Amino acid sequence: MLLEKMLQSQGFGSRKHCQQLIKNAAVTVDGQVCTDMKQSIQPYPEMPFTVYGETYHYREKVYIALNKPQGYECSHQPLHHHSVFDLFPEVLLNRGLQCVGRLDQDTTGLLLLTDDGAFLQALTHPRKHVAKVYHVTTVDRIGEVQIQQLQVGVELRNEKGLYAATDVIRLSDYQLSLTIHQGVYHQVKRMLAAVGNKVQALHRQQIGALSLNSLNEGQWIYLTEEQVNLAKTRASE
Ligand code: URA
């Protein structure tokens with residue numbers, strides 16, 4: 001692969017801009033300054049390279065987990081809040097980073113982002129049934145009947161069929177953990193409203209078999225291949 005192509009693939013801008021970086025002797029690969037425009041390299045996973053002294057690692061595709069803070073919208077054009085994309089460097093944005101599904105601006109917790117369209121499809125396609133575990137704090141006391149109704153399933157306006165949660169665990173009078181297997185708009189909030197309660201705070205704990213409790217709010221990491229596979233682990237076929 002031509003060095004300029006590699007730089008482009010990693011989010012360093014247009015072909016012309018990448019050529020200019022090479023001409024300026026701004027790029028090193030494996031510790032060697034590269035000024036040869038025709039230089040071909042064989043990038044390997046995590047191959048280190050530097051641009052103007054800053055170190056990067058080659059990644060064919062990126063898979064990121066963010067612990068989303070409150071007050072951030074999962075949109076490039078946020079209406080009333082910050083954008084989650086404000087939390088990432090330009091090289092990642094240039095690669096076409098997208099959110100894997102959406103969390104509401106006031107929801108916190110695990111949000112995946114990627115530039116891999118197939119991964120995005122695999123996790124968000126309605127028939128894939130990837131499990132998502134939420135920690136819910138409610139406005140009103142959680143009743144036993146409400147828990148049963150959530151498990152049996154509730155109707156949501158403008159949606160077909162019943163929406164049920166599994167693994168509904170009451171953590172306290174006003175807190176529960178539940179798992180959903182679809183991902184329609186405001187699903188958890190609407191399900192709680194359908195059983196006569198209201199969500200006060202919502203936090204996503206887990207996607208598939210992936211949970212990242214050690215991340216602080218606003219912190220993000222690149223996922224390993226193993227973690228990517230955990231996220232794809234389906235609750236049901
Ligand atoms: N369900 C909701 O209601 N909001 C979210 O952000 C995620 C799931």
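Ala, Val, Leu, Ile, Met, Phe, Trp, Tyr, Cys and Pro count here as nonpolar, Asp, Glu, Lys and Arg as charged, and the others, Gly among them, as polar. The model is predicted, with pLDDT of at least 70 needed for local features and 80 or more for side-chain atom pairs, while totals for chains, interfaces and linings use all residues. Residues are numbered from 1 along each chain as written, and side-chain values use heavy atoms, without hydrogens or water.

**Exercise 1.** Work out how the lining of the second largest pocket divides by class.

*Solution.* Start with the space: this pocket holds about 360 Å³ (a pocket is an open set of points on a 1 Å grid, with protein on both sides within 12 Å along at least five of seven lines; a 1.4 Å probe fits at each point, and lining residues have an atom within 4 Å of one; volume is the space filled by probe spheres set on the points). Next, find its centre: of 13 lining residues, Pro45, Glu46, Arg59, Lys61 and Tyr63 are the closest to it. Finally, sort by class: the lining has 7 nonpolar, 1 polar and 5 charged residues.

**Exercise 2.** Now describe the largest pocket, and find the element that gives the most to its lining.

*Solution.* First, its volume is about 800 Å³. Then look at the centre: among the 32 lining residues, the closest are Gly101, Arg102, Leu103, Gly183 and Val184. The elements giving two or more residues (helices and strands are DSSP runs, of at least four and at least two residues) are β6 (72-73), α4 (117-124), β10 (132-138), α6 (187-194) and β15 (199-207). Of these, β15 gives the most, with 3 residues. By class, the lining splits into 14 nonpolar, 12 polar and 6 charged residues. Domain 2 (63-125 + 213-232) and domain 3 (132-207), bounds that come from an automatic or database assignment, each give at least three residues to this lining.

**Exercise 3.** Explain where the largest nonpolar core lies relative to domain 2 and domain 3.

*Solution.* Begin with the members: of 34 residues in this core (buried, under 20% relative accessible area with a 1.4 Å probe, and joined through side-chain atoms within 4.5 Å), Leu113, Val136 and Leu178 touch the most others. Both domains contribute residues, so the core lies between them. Zoom in on Leu113: its contacts (heavy atoms within 4.5 Å), leaving out residues up to four places away in sequence, include Val62, Phe85, Phe88 and Val100. To finish, step back to the domains: the C-alpha centres of domain 2 and domain 3 lie 22 Å apart, and their contact takes 15 residues from domain 2 and 9 from domain 3.

Note on methods. Buried < 20%, exposed > 50% of the residue type's maximum accessible area, 1.4 Å probe, protein only.
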